[in-house]
Structure formats: structure tokens, C-alpha cells
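Reader: I have the sequence and the model open. Could you walk me through how some of the labels are reached?

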Amino acid sequence: MSEWKAKRFWKETTVEAVEGGFEIRLDGRPVRTPAKAPLIVPTRALAEVIAMEWDAQDGEIDPNTMPATRSANAAIDKVAIQHAEVANLLADYGDSDLLCYRAAHPRELVARQAQQWDPILDWAEDALGVRLHPRTGIMHVPQEAGALQVLRDKSHAFNEFELAAFHDLVSLSGSLILGLAVTNGKLSADEAWALSRLDDLYQIEQWGEDEEAAESAEIKRQSFVHAELFYRLVN
């Protein structure tokens, strides 16, 4: 028996202003999340993008072609009800931020990390009031408690839609500071992604690129770029 898959059943996709934001409707019927909550988003721009994803479906519905819908569903069904837990999870990255863990050798990689990562740590001090200190090696050395509290407060300040995007920016890059650099407009998603891949790109220069690893990295990059777009659409 073949697996049943949902198929397009509607003719018209529209966006309607409702209490609390904007709703996507299929032939006048509101779309709901997988948890059956109303799919209401905070901006018309985001609602229009989600409506375009639904309107583009032809035949079987393919969730893989609907990233904005998936992110909105996650914000409503997961982040909204676990906001504090998600914010704390992301804030914890500050104590082990990718930008702070530096190689001891070779000298070329050490120099490249300093040249490309130090300016972002300097920006965080100037723009966010947070100074994180680089460490050499893989052993964990705690950052200053005051700096970590500032980062925790910033993580908690995001609303559920912003936090859904921020989650992907931080978890995919391994860096709370890079995530904040993107949300604050310091870096584009592509720029931040390249910085997060510095070590990997160095290894590729030395040993060549594995095809399977490259495909996996590209999938993550696309998700990272989408997270920035989703964040911009929310604001």
C-alpha cells in the first residue's frame, strides 16, 4: 500500500488581517499549524510569503518547499510554549561560542581566525556591551558571568517568531555572537556562514572537499540564509 500524501484541495490562497496579526486562508478557510493552532503571523510581509508557498503547491503538498510555513509553525507550536527554555538553550552558546575557540597551530589557521573572528568579537563589545575572550584549545574555560547574563537577556528579548529564526542562526553556526551579528544587521547570512565555516574551509584547502560533506553543508547554508530572511520578514 502506498503512503497517503496530502494533495492540493483549494483554488484560492489569500491573506487576511485578523486580531493578533495576519492569517493565511485557503478558499476562505484559515490554515492551521500541525498542532491545530491558528496560523497567525505578525506581519503581512511574512503572511504573503507563506501564502505564496501554499499557492505554489501543485498536486501533492511538499513541506520541503515551504520553509516559511515550517518556521512559522515551529514558532507557534514549539517556541511560543517553550520560550524560556529555547532562549536559555541559545544563551548557553555564549559560554562556548565558536568564535572563542582558537587553534594552537598551524600558524596560518591561527592568524586567519584572529583576522576574521576578532573584529566580530570587537563589534560585540562595542554594539552589545559584551566582551567574550578567545581560548586556545578545546578545554572549556568559562566566560565572565556578567557578559553571559547580557547575552541571556538578549536571547530572552526575542519574541517567538524572532527566536525561531535566531535558533537556527545560532545552532547552525555554533555561535551566539554570529547570530546576533546577523539579527543586528552587522553581517549578512552569507557573511556569517562563511565565518562559521572558517575551520572547515581551511581543511578543505589542505585536503580537498568531500562531496557528501559539501552537500550537507549546502543544505545547512540554505537553512541559515532562510533563517535571516524569516527574521527580516517578522520585523
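Reader: Why is tryptophan 10 called buried?

Author: In this predicted model, tryptophan 10 has a relative accessible area of 4%. Buried means under 20%, so tryptophan 10 is buried.

Reader: And what makes phenylalanine 9 exposed?

Author: Phenylalanine 9 has a relative accessible area of 57%. Exposed means over 50%, so the label fits phenylalanine 9.

Reader: Why is the pair of tryptophan 193 and phenylalanine 224 called tilted?

Author: Happy to explain! The ring centres of tryptophan 193 and phenylalanine 224 are 5.4 Å apart, and rings pair if their centres lie within 6.5 Å. Their planes stand at 45°; under 30 degrees would count as stacked and over 60 as edge-to-face, so this pair is tilted.

Reader: How do you know that this pair ties together parts that are apart in sequence?

Author: Tryptophan 193 belongs to helix α8 (residues 189–196), while phenylalanine 224 belongs to helix α10 (residues 211–234). The pair therefore ties together parts that are 31 residues apart in sequence. Both tryptophan 193 and phenylalanine 224 are buried.

Reader: One more, please: what makes glutamate 205 partly exposed?

Author: Good one to finish on. Glutamate 205, found in helix α9 (residues 198–207), has a relative accessibility of 48%. Buried means under 20%, exposed over 50%, and partly exposed in between, so glutamate 205 counts as partly exposed.

Terms used
Residues numbered from 1 in each chain as written. Predicted model: local features only at pLDDT ≥ 70, side-chain atom pairs only at ≥ 80, totals over all residues. Heavy atoms only, no water. Buried < 20%, exposed > 50% of the residue type's maximum accessible area, 1.4 Å probe, protein only. Phe/Tyr/Trp six-rings, centres within 6.5 Å; stacked < 30°, edge-to-face > 60°. Helix = DSSP H or I, 4+ residues; strand = E, 2+ residues; numbered from the N terminus.
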